[in-house]
Amino acid sequence: RDLCVRLGVSRRCYEEAFEPMILTGLFAPGAQCSAAAALEMAYFFVLQSQTAFDVQWCRGNIGQVIFDPLVQQLNATDKVEFLCSTRVNDFDINKSANGGIPRITNVQCTGVNGEETIIESDDVILAVGAKGLNNFVRFCPELAEFPQFRRFANLRGTNVLATRLFLDQELDIT
């Protein structure tokens with residue numbers, strides 16, 4: 001940030017262009033990155049690879065523009081159920097499932113009304129950021145038994161979502 005200020009970059013330009021690029025490229029806030037790392041990332045991804053740089057910033061609220069339509073489409077299939085405002089408390093793990101490969105068989109949750117629920121599962125996708133996964137591992141001894149989950153305890157950074165969409169038709173985004 002300091003380098004951008006010295007170079008005359010406006011606060012708005014930094015917050016709307018440079019900071020998201022740094023978050024996406026270096027997976028950390030600009031304040032935690034050296035100017036050299038930020039410049040190297042910008043040089044490599046933007047200047048050196050201009051023809052391959054295909055980033056589009058979302059116009060509008062990401063939740064409303066991207067996630068709400070996705071949730072509506074998934075809900076319409078009747079194969080997915082979203083439990084909003086539901087907190088995961090624990091996981092039941094079957095250590096002898098799938099020929100000895102452990103898997104989560106139940107997810108224990110508490111709903112917004114305080115009601116506890118057990119959700120049986122064939123598979124579980126932990127679609128949470130690093131901090132959320134770290135909390136799962138800290139408060140669920142069953143997950144903490146696995147080294148691949150324990151490694152998240154020391155992970156620092158900022159949650160970043162990078163999505164590549166392949167559309168079947170051209171869209172007018174002007």
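Is cysteine 140 buried or exposed, and what is its relative accessible area? In this predicted model, cysteine 140 is buried, with a relative accessible area of 1%. Cysteine 84 presents the opposite case: it is exposed, and its relative accessible area is 64%. The dividing values are under 20% for buried and over 50% for exposed, so cysteine 140, at 1%, falls under the lower value, and cysteine 84, at 64%, lies over the upper one. The structure contains zero disulfides.

Cysteine 140 also leads into the interior of the model. It belongs to the largest nonpolar core, which has 12 residues in all. Among the other members are Ile93, Ile104, Val107, Cys109, Leu133, Val137 and Leu143. Four phenylalanines, Phe91, Phe136, Phe146 and Phe149, are members of this core as well. Three elements, β1, β2 and α6, each give two or more residues to the core. A second, separate core consists of eight residues, including Tyr14, Ile22, Ala28 and Ala38. As a general principle, nonpolar side chains in soluble globular proteins tend to be buried together.

The phenylalanines of the largest core deserve a closer look. A pair of aromatic rings is described by the distance of the centres and the angle of the planes. In this model the count of aromatic pairs is two. One of them joins phenylalanine 91 to phenylalanine 136 in an edge-to-face arrangement, with 5.3 Å from centre to centre and 90 degrees between the planes. Phenylalanine 91 is located in strand β1 (residues 87-94) and phenylalanine 136 in helix α6 (residues 130-139), so this pair ties together parts of the chain that are 45 residues apart in sequence. Both phenylalanine 91 and phenylalanine 136 are buried.

Phenylalanine 146 and phenylalanine 149 form an aromatic pair that is likewise edge-to-face, with a centre-to-centre distance of 6.3 Å and an angle of 80 degrees between the planes. Both phenylalanine 146 and phenylalanine 149 are buried. When residues up to four places away in sequence are not counted, phenylalanine 146 touches Ile93 and Pro102.

From the core, the description turns to the sheet. Three strands form an open sheet in the order β1-β2-β3, and their pairing is antiparallel. The edge strands are β1 and β3, each of which pairs on one side only. From one strand to the next, the twist averages 25 degrees.

How many bridges join strand β2 to β3? Five bridges link β2 (residues 103-110) with β3, and the two strands run antiparallel. Within this pairing, threonine 110 stands opposite glutamate 116 of β3, while glutamine 108 has isoleucine 118 as its bridge partner. The hairpin of β2 and β3 has five residues between the strands, and there glycine 114 takes a positive phi near 90 degrees.

Isoleucine 118, in strand β3, shows how a residue may be paired and yet exposed. Its C-alpha atom is separated by 4.6 Å from that of glutamine 108, although the two residues are 10 residues apart along the chain. Leaving aside residues up to four places away in sequence, isoleucine 118 touches Asn106, Val107 and Gln108. Nevertheless, isoleucine 118 is exposed, with a relative accessible area of 56%. The strand as a whole fits this picture: of the five residues of β3 (residues 116-120), the number buried is zero, so the strand lies largely in the open.

Technical notes
Residues numbered from 1 in each chain as written. Predicted model: local features only at pLDDT ≥ 70, side-chain atom pairs only at ≥ 80, totals over all residues. Heavy atoms only, no water. Phe/Tyr/Trp six-rings, centres within 6.5 Å; stacked < 30°, edge-to-face > 60°. Helix = DSSP H or I, 4+ residues; strand = E, 2+ residues; numbered from the N terminus. Buried < 20%, exposed > 50% of the residue type's maximum accessible area, 1.4 Å probe, protein only. Pairing = 2+ DSSP bridges. Core = buried A, V, L, I, M, F, W, Y, C linked by side-chain atoms within 4.5 Å. Contact = heavy atoms within 4.5 Å. Disulfide = S-S within 2.5 Å. Axes fitted to C-alpha atoms, helices over the stretch in contact; angles between N-to-C directions.
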